[in-house]
Amino acid sequence: MPRSARLPPLLILVALLFATVLAYLPGLRGDFVFDDFPNILDNQRLVLHDLKPASLREVAFSSQSGLLDRPISMLSFAFNIYFFGPHPYSFKIVNLIIHLLNGVAIYLLARRLLNAVRPDPGSPPPTRFPSVTGAALLLAGLWLLQPLNLTAVLYVVQRMTSLASLFMLAGMILYTTGRLRQRAARRGWPWLSSAYVFCLPLALLCKEIGALLPLYLLVIEFCVFRFCNRSGAMDKGIIALFVVTVALPGLAALGALIAHPEIWLSYHGRDFTLTERLLTESRAVLFYLRMLLMPDLTQLGLYHDDFGLSRGLLTPPMTLVSLIVHAFLIGLAFTLRRARPLLALGILWFYAGHVLESTILPLELLHEHRNYLPSVGILLALIDVGAVLTARLTPRRQQLIGAICITLFGVVTALRASQWADNVTQAEYEARHHPDSARAENSLGRIYGKLALSGQAGYAEQAYRVLGKAMALESDDCLPAALRILVRAGLHHPVPSEWITALESRLQHGLPSPAMVNSLYELKRCQATACRLSLAAPTMHDFFEAALANPRMAHAGQVHADVLTQYGNYMMNNEHNMPAALAPFRAAVATAPDVPQYRINLIKLLIALGRADEARVELVTLRKMDRLGQYSREIATFKMELESSPSPHSD
């Protein structure tokens, strides 16, 4: 196009960012959902009282999620509360800002990748793009407004995903810059090493998916730079780099899996096996692909527990079809690596992004936020294919097609964001679009229950109906049975005996899970206040005894310890019987000896009971566990309290 008719790239990028803000604006008013509550709102250790190093360490390691506790993400949540309060609006604003920064990073990375596939700096790219800048802007716009990315923005706790992605994208920009500098006979190793020295640890400390950064870089190297130096010969330094950062860690991870499968591949807390998960994930990843290319509002959602298991290659038949599609796409990428490097890069990028969360680890089956960074690959491949299909069109028509695609994505994202505008609307949409999802029905039933307890009595029967449906959908889940009782007891109505029996049965025979712990916690809290008249103490004892008698509890690990802790807290705070709380607190420590919080609970109780000698023994162990000083405040408090207690040898 004539230069006078072109818009400056910066202006277009700003317009794309502004369009993204407009699309997400309705959803910023929404509430916390699902895992936001245990990780943020109900996490008492997340509240900062000052900005001293000890306080920052404490909140940074206030999560038990993942191997590394995700301290950077937790710090960001703590700063949100410290500066703006616990309202979800400020959390979502920060999430949106991170999303916009990621969009800018994708634009910068795309420019480098598109320039890198040129045979030489002065030649046009071999991909039939009208311009490098236009293609980079198109990729950034499609990604920013991709509807599948919405949960990584409006689902607050998934800041862990978007923050880790930001540091990974920064690492990729540094790496590609370094490789382009090497191609131009300039120093590139400082840039390459910065990607690993700075960006990799930062990404890992946000979320464990940061470990995929070296794999993403390997895919970029394999498809774009091809391990070659400036003269076209194999670069031994680059090859050695990936041996050290990908091959050796991969072998170490494989060795850990083989040596200790009971740690990494424990499926005791799941209702599916390793084989079933792998087969099901083939369909799940194909579902992601379909939603990335043809987003469907009726199938997108926060909860996907209605996604059926694959029991075999032909159960359902789509399992085999999915495996064939994946094999074809991966084979296509390897075949076209030289002829269509960006198409190959896009396909392999997508699959590399799913190596951790969509393969063998015993995670839940399907979550949309797992595509936040992998989606870049599919959109890049889509643009590369689109450039070929529209090669005979004029640049203006190509731009028009790109603008239409961005607009369609933006409209769907805006419609979806409007569904997240308030918790009632969101829950009703989730239940309507996913009628077989027990979690969606649970969420809607909980909200109707809250409305009933707030004085809108007409919602009580709706809550009972929806929660009854959730119970029918999932026989192992305790939460809907507990919520039904909570609403009834909170309204000071007699709880039917069959409701009590139904919950006891689920506690004793259901799948031990965080939902079980949450159910007992909510019942305990309600019984201490509003539910005391309708929920007697013997009934609460029966609930805890039923859960602890569950034969699957012995293999439930931390869930078992959490149930014991809830029982101890109940005896201590509801029944005011501190000696009776000692046994469950001790059992929690024995069940999960590597979790400091259970030992802290035990020490507090031992000091309160005057058992200073035993408290000192536990304190010695706690000090050894506190390698990073995140429990220094509790340790100092315990030390002061024990110094005022009689010494072990005094009479």
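Helices here are DSSP runs of type H or I with at least four residues, numbered from the N terminus. In this predicted model, Pro26 is found in the loop between helix H1 (9-24) and helix H2 (36-41).

## Overall architecture

The chain has 29 helices and zero strands. Its radius of gyration is 27 Å, close to the 26 Å that the globule rule gives for 651 residues, so the chain is as compact as a globular protein of that length. The C-alpha trace spans about 85 × 60 × 50 Å along its principal axes. Of the 651 residues in the chain, 52% are buried. When contacts between residues at least 6 apart in sequence are considered, 72% of them join residues at least 24 apart.

## Contacts across the sequence

Pro26 offers an example of such a link. Pro26 and Ala417 are separated by 391 residues in sequence, yet their C-alpha atoms are 5.8 Å apart in space. Beyond its neighbours within four places in sequence, Pro26 is in contact with Ala417, Ser418 and Ala421. Pro26 is partly exposed, as its relative accessible area is 21%.

A further pair involves helix H17 (residues 395-419), in which Leu408 lies. The C-alpha atoms of Leu408 and Pro295 are 9.7 Å apart, with the two positions 113 residues apart in sequence. Leu408 counts as exposed, because its relative accessibility is 53% and the cut-off for that class is over 50%.

## Nonpolar cores

The largest nonpolar core has 89 residues, and those with the most contacts inside it are Met172, Leu345 and Trp349. Apart from its neighbours within four places in sequence, Met172 is in contact with Leu109, Leu213, Tyr216, Leu217, Ile220, Trp349 and Leu373. There is also a second, separate core of 63 residues, which includes Met471, Leu483, Leu523 and Phe544.

## Aromatic rings and charges

A pair of aromatic rings is described by the distance of the centres and the angle of the planes. In the whole structure, a search finds 20 aromatic pairs. For Phe79 and Phe83, the ring centres are 6.2 Å apart and the planes stand at 45 degrees, so the pair is tilted. These two residues, Phe79 and Phe83, are four residues apart in helix H4 (residues 71-84), and are therefore separated by about one helical turn. Phe79 counts as partly exposed at 30% relative accessibility, whereas Phe83 counts as exposed at 51%. Elsewhere among the aromatic residues, Phe32, Phe37, Phe77 and Phe91 form one cluster.

Two arginines have a charged end over an aromatic ring. The charged end of Arg432 sits over the ring of Tyr429, at 5.0 Å from its centre. The charged end of Arg488 sits over the ring of Trp499, at 6.0 Å from its centre.

## Cysteines

A disulfide is a covalent bond between the sulfur atoms of two cysteines. The structure holds zero disulfides. For Cys228, the closest cysteine sulfur is that of Cys223, and the distance of 13 Å is too far for a bond, since a disulfide requires sulfur atoms within 2.5 Å. Cys228 counts as partly exposed at 22% relative accessibility. Cys405 is likewise partly exposed, with a relative accessible area of 35%.

## Backbone geometry

Most residues other than glycine have a negative phi, and most peptide bonds are trans. Some positions in this model depart from these patterns. A cis peptide bond joins Thr315 and Pro316, with omega about 0 degrees. Pro316 has its place in the loop between helix H13 (274-293) and helix H14 (318-335).

Phe227 has a positive phi although it is not a glycine, and His576 also has a positive phi without being a glycine. The table lists the values for these residues.

| Residue | Phi | Loop | Relative accessible area |
|---|---|---|---|
| Phe227 | about 60 degrees | between helix H10 (213-225) and helix H11 (236-259) | 15%, buried |
| His576 | about 55 degrees | between helix H25 (558-574) and helix H26 (578-591) | 65%, exposed |

Phe227 is buried because its relative accessible area of 15% falls under the 20% cut-off. His576 counts as exposed because its relative accessibility of 65% is over 50%.

Technical notes: Residues numbered from 1 in each chain as written. Predicted model: local features only at pLDDT ≥ 70, side-chain atom pairs only at ≥ 80, totals over all residues. Heavy atoms only, no water. Buried < 20%, exposed > 50% of the residue type's maximum accessible area, 1.4 Å probe, protein only. Core = buried A, V, L, I, M, F, W, Y, C linked by side-chain atoms within 4.5 Å. Contact = heavy atoms within 4.5 Å. Phe/Tyr/Trp six-rings, centres within 6.5 Å; stacked < 30°, edge-to-face > 60°. Lys NZ or Arg CZ within 6 Å of the ring centre and 35° of its normal. Rg over C-alpha atoms; globule rule 2.2 N^0.38 Å.
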